[in-house]
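Reader: Hello! I would like to learn how to read the strands and buried residues of a protein model. Could you walk me through one?

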Amino acid sequence: MFTGLIEEVGKISAINKKNDGLKIKVECNKILDDIKLGDSVAVNGVCLTVVNIDKNSLDFEVSNETIKRSNFKFLKINEYVNLERAMTPSSRLGGHIVQGHVDTTGEITSITNLGQHTNIKIRFPSEYDYLVIEKGSIAIDGISLTINYINENVIDLNIIPHTWENTNLKYRKVGDIVNIEFDILGKYVAKMLNLNKQKEDKLKNLLENW
């Protein structure tokens, strides 16, 4: 489990394709402090397991399912990625609950400088619109952000200077594809409402056919 507060921006230094996915090497520094084999790290918001540790890098294996769901299919050497170690029981939950299980990807449609702040708009697949609400939480490349506004299937985000300087957003361009994880609480609520609706429909059909 993660909080969506990025600890470090790393850089992809190697990508090896395998039949069952990818093996990637990420150059980093800060998160190496207490890392060990088998630990979970969010890489652009994707929960991955550390399979090898060097003095200035970590190796991860990426499954085909993860590649299918995320922007990892577009990864390039020297690309910058957001890194966050899994939270500990004593950590402050400064962002929101981020599982590292990416739901889908979105496309950056605009990046506007607003002085100290930056506005970013991201188009996401319309079938997920029921999971997005104004002032709700969303994870973009693993970054915990608050949705300002929604225009159909485009979300409007305000990026504060600290987030801009300490994540890979400053390297993003219009047209880039980003990972999206919707709020887990919203997903559970949507699931329960759908189950209740199914039960109501079933009961209605039983009564109509009595």
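Author: Gladly! Let us begin with pairing: two strands count as paired if DSSP finds at least two bridges between them. Keep in mind that this is a predicted model. Here β10 and β11 are joined by four bridges and run antiparallel.

Reader: Which residue stands opposite I155 in β11?

Author: That is I150. The two strands form a hairpin with two residues between them. In the turn, E152 has a positive phi of about 55°.

Reader: Which other strand is joined to β11, and by how many bridges?

Author: Strand β8, residues 117-123, is joined to β11 by six bridges, and this pair also runs antiparallel. Within it, L157 of β11 has I120 opposite.

Reader: How many residues of β11 are buried?

Author: A residue is called buried when its relative accessible area is under 20%. Five of the six residues of β11 meet that, so the strand is largely enclosed by the rest of the structure. As a general idea, side chains in a regular strand alternate between the two faces of the sheet.

Reader: Now for a loop residue. Is N153 buried or exposed?

Author: N153 sits in the loop between β10 (143-151) and β11 (154-159). Its relative accessible area is 19%, so N153 counts as buried under the 20% cut-off.

Reader: What does the side chain of N153 reach?

Author: It reaches the backbone oxygen of F124, at 2.7 Å. If you set aside the neighbours within four places in sequence, N153 is in contact with I122, R123, F124 and S126.

Reader: And at the start of the chain, where is F2 found?

Author: F2 is in the segment before β1 (8-18). With a relative accessibility of 1%, F2 is buried. Sequence distance and spatial distance are worth reading side by side here: F2 and G142 are 140 residues apart in sequence, while their C-alpha atoms are 8.6 Å apart in space.

Reader: Let us move on to the barrel. In what order do the six strands close?

Author: The order is β1-β2-β5-β4-β3-β6, with antiparallel pairing. On average, neighbouring strands of this sheet are turned by 45° against each other, ignoring direction.

Reader: How many bridges join β1 to β6?

Author: Four, and these two strands run antiparallel. Strand β6 covers residues 80-85. To find one bridge on screen, look for G10, whose partner in β6 is V81.

Key: Residues are numbered from 1 along each chain as its sequence is written. This is a predicted model: local features need pLDDT of at least 70, side-chain atom pairs count only at pLDDT 80 or more; totals for chains, interfaces and linings use all residues. Side-chain values use heavy atoms; hydrogens and water are left out. Buried means under 20% relative accessible area, exposed over 50%, partly exposed in between (1.4 Å probe, protein chains only). A polar contact is a pair of N or O atoms within 3.5 Å; within protein, one must be able to donate a hydrogen and the other to accept it, and residues adjacent in sequence count only if both atoms are side-chain atoms. Contact means heavy atoms within 4.5 Å. Axes are lines fitted to C-alpha atoms, for helices over the stretch in contact, and angles run from 0 to 180 degrees between N-to-C directions.
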